[in-house]
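Student: Let us go through this structure step by step. Please keep the answers short.

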Amino acid sequence: MLITMIKTFNANHKTLRCFKSLLTAIAITSTFSSVAEIIPSEQVIKDITFLAADDLKGRASFSPEIDRAANYLAKRFADMGLQPLSANKTGNKSASFLQSFTVSQIQPQAVNVMLNDVEIKAENLAIATTMANVNWQQTGAQVHIITKDDDMRDTLRELNQRGGQHLVIINTAHEKSFKAYQNYFSRGLTKLTLEHRGAIVMVLSDESKINSYKVSASAKITEQSLTNVVAVLPAQEAKNANEIVLYSSHYDHLGVTQDGKQVYNGADDDASGTTAILNLAQYYAQQGNNKRTLMFSAFTAEEIGGFGSKYFSQQVNPDDVVAMINIEMIGKPSKFGAGTMWMTGMERSNLGALLNEKLSAQNKEIFKDPYPEQGLFYRSDNATLARLGVPAHSFSSTQLDKDQHYHQVTDDINSLDLVSMHKVIESLAIATQSLVDGMVTPTRIDKAQVSAQGKIY
């Protein structure tokens with residue numbers, strides 16, 4: 001079998017070592033043999049090898065290479081016999097699996113500020129804006145002063161969620177944090193919509209009383225296209241057709257280094273999760289007995305703000321989504337052992353408990369997020385649907401406190417444990433079967449308990 005796989009994939013020597021490791025472990029792991037073939041390891045390897053290959057150049061948003069990845073995913077879904085989302089809605093058989101939309105990119109061009117008739121140096125200014133032009137003279141903005149004892153991040157977060165136009169004077173005791181925001185804002189913002197017009201202008205200054213101010217700023221706004229890949233496996237029973245179980249991942253990553261010489265392959269983040277949804281889709285399509293509608297979505301632009309999931313959430317009724325299984329970085333063993341996983345926000349719904357009821361027969365379980373201080377519930381695409389009340393959680397095995405490859409060029413296929421990853425995918429298939437069968441329905445997430453998204457940045 002190994003010789004056949006080598007010829008099939010024409011892989012490099014690093015990947016071949018992974019193949020050998022995977023095949024050996026599958027052969028000797030008898031405790032998992034009862035479920036080891038529900039998802040073929042050969043297809044898992046083929047998918048992640050393609051997605052994490054050097055010639056996809058890190059699948060950066062807006063790149064030609066991410067379009068190649070999207071076309072691969074669309075073909076895989078088509079070959080399984082799944083339907084595009086638009087075809088499921090309208091019956092249009094020529095519809096596409098590619099769900100394209102536009103976003104606005106906002107790049108600051110200039111910002112000038114005078115406080116109390118004194119011009120502020122550019123090195124002490126920063127701006128986040130959704131407006132092409134800002135002109136404030138004594139009026140037009142709310143003025144806020146952040147003293148050395150105030151929490152700068154909390155204040156900016158609250159202003160961002162409130163929206164509007166704000167001039168923020170920040171004490172120099174916060175210079176390090178100010179520089180971090182300045183660097184972030186200087187790269188520009190991307191917004192799904194510009195319906196909210198607002199701006200936050202930050203000034204690093206020890207002024208404690210503002211008698212007069214004058215602000216002028218400009219930004220260049222351009223539109224660019226992004227694409228999700230969404231497939232549907234319709235329910236086999238009409239009475240459950242409006243109930244959706246959503247499996248998701250993001251297929252974008254960081255692209256290449258600034259000099260273009262090295263690739264951020266994103267094998268774990270998140271080619272591993274995207275490989276999982278492909279193979280779960282294939283498994284359920286072959287089973288052909290899903291009582292609920294199953295939806296499989298590979299989101300774009302998670303790494304630059306989660307715009308794929310934001311757009312997707314506007315194309316479905318969130319009340320119809322029974323659960324969202326968002327798969328994020330499953331390529332390495334978790335702290336709980338090889339083949340295990342954990343989920344974010346377990347306390348926010350009873351989804352985890354329901355999944356563990358199915359896994360208990362295998363003497364397995366999904367663990368609670370071991371890194372609550374990292375705020376991971378809000379750091380992936382599940383957060384968008386959770387804000388709408390969906391029991392939306394991310395499932396992962398990464399050890400973020402120890403992972404030396406996270407967002408590094410070393411996150412390639414050679415850094416993965418493909419045996420552990422395969423077991424996680426198998427476990428997800430087993431754990432979610434009762435959702436697919438319509439036997440269980442998780443409690444909804446309390447929308448009031450999920451932090452709102454920012455309106456400006």
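**Loops, helices and packing**

Tutor: Ala301 lies in the loop between E14 and H9. Helices (H or I, at least four residues) and strands (E, at least two) are DSSP runs, numbered from the N terminus. This is a predicted model, in which local features need pLDDT of at least 70, side-chain atom pairs count only at pLDDT 80 or more, and totals for chains, interfaces and linings use all residues. Residues are numbered from 1 along each chain as its sequence is written, and side-chain values use heavy atoms, with hydrogens and water left out.

Student: Is Ala301 buried or exposed?

Tutor: Buried means under 20% relative accessible area, exposed over 50%, and partly exposed in between (1.4 Å probe, protein chains only). Ala301 has a relative accessible area of 0%. Ala301 is therefore buried.

Student: What is the phi of Ala301?

Tutor: Ala301 is not a glycine. Its phi is nevertheless positive, at about 60°.

Student: Which residues does Thr300 touch, not counting residues up to four places away in sequence?

Tutor: Thr300 is found in the loop between strand E14 (293–299) and helix H9 (307–313). Thr300 is buried, with a relative accessible area of 1%. Contact means heavy atoms within 4.5 Å. On that basis Thr300 touches Ser61, Ile66, Phe101, Leu226, Thr227, Asn228, Tyr251, Asp252, Phe307 and Gly308.

Student: Is Asp117 buried or exposed?

Tutor: Asp117 is found in the loop between strand E2 (98–115) and strand E3 (118–119). Asp117 is not a glycine, yet has a positive phi of about 65°. Its relative accessible area is 65%, so Asp117 is exposed.

Student: How many helices and strands are there in the protein?

Tutor: Both kinds of element are present. The count is 13 helices and 18 strands.

Student: What is the radius of gyration of the protein?

Tutor: The radius of gyration is taken over C-alpha atoms, and the globule rule is 2.2 Å times the number of residues to the power 0.38. For 457 residues the rule gives 23 Å. The protein comes close to that, so it is as compact as a globular protein of that length. Its radius of gyration is 24 Å.

Student: What share of the 457 residues is buried?

Tutor: The C-alpha atoms fill a box of roughly 75 × 50 × 45 Å along the principal axes. Among contacts between residues at least 6 apart in sequence, 85% join residues at least 24 apart. The buried share of the 457 residues is 55%.

Student: At what angle do the axes of H3 and H12 cross?

Tutor: Axes are lines fitted to C-alpha atoms, for helices over the stretch in contact, and angles run from 0 to 180 degrees between N-to-C directions. The axes of helix H3 (residues 41–51) and helix H12 (residues 418–431) come within 11 Å. Their crossing angle is roughly 110°.

Student: Which residues of H3 and H12 make the contact?

Tutor: By class, the contact has six nonpolar, two polar and no charged residues. Ala, Val, Leu, Ile, Met, Phe, Trp, Tyr, Cys and Pro count as nonpolar, Asp, Glu, Lys and Arg as charged, and the others, Gly among them, as polar. H12 supplies Leu418, Met421, His422 and Ile425. H3 supplies Ser41, Val44, Ile45 and Ile48.

Student: How many of the 11 residues of H3 are buried?

Tutor: The buried residues include Val44, Ile45 and Ile48. H3 is largely enclosed by the rest of the structure, because the number of buried residues is eight of the 11.

Student: Which residues of H8 does H4 meet?

Tutor: The axes of helix H4 (residues 64–80) and helix H8 (residues 267–287) come within 9 Å and cross at roughly 10°. From H4, the residues are Tyr72, Leu73, Arg76, Phe77 and Met80. In H8 they meet Thr274, Leu278, Asn279, Ala281, Gln282 and Ala285.

Student: Which residues does the cis peptide bond join?

Tutor: Omega of this bond is about 0°. One partner, Asp270, is placed in helix H8. The bond joins Asp269 and Asp270.

Student: Is Lys332 buried or exposed?

Tutor: Lys332 sits in the loop between strand E15 (321–327) and strand E16 (341–343). Its contacts, leaving aside neighbours within four places in sequence, include Asp268, Asp403 and Asp411. The relative accessible area is 13%, so Lys332 is buried.
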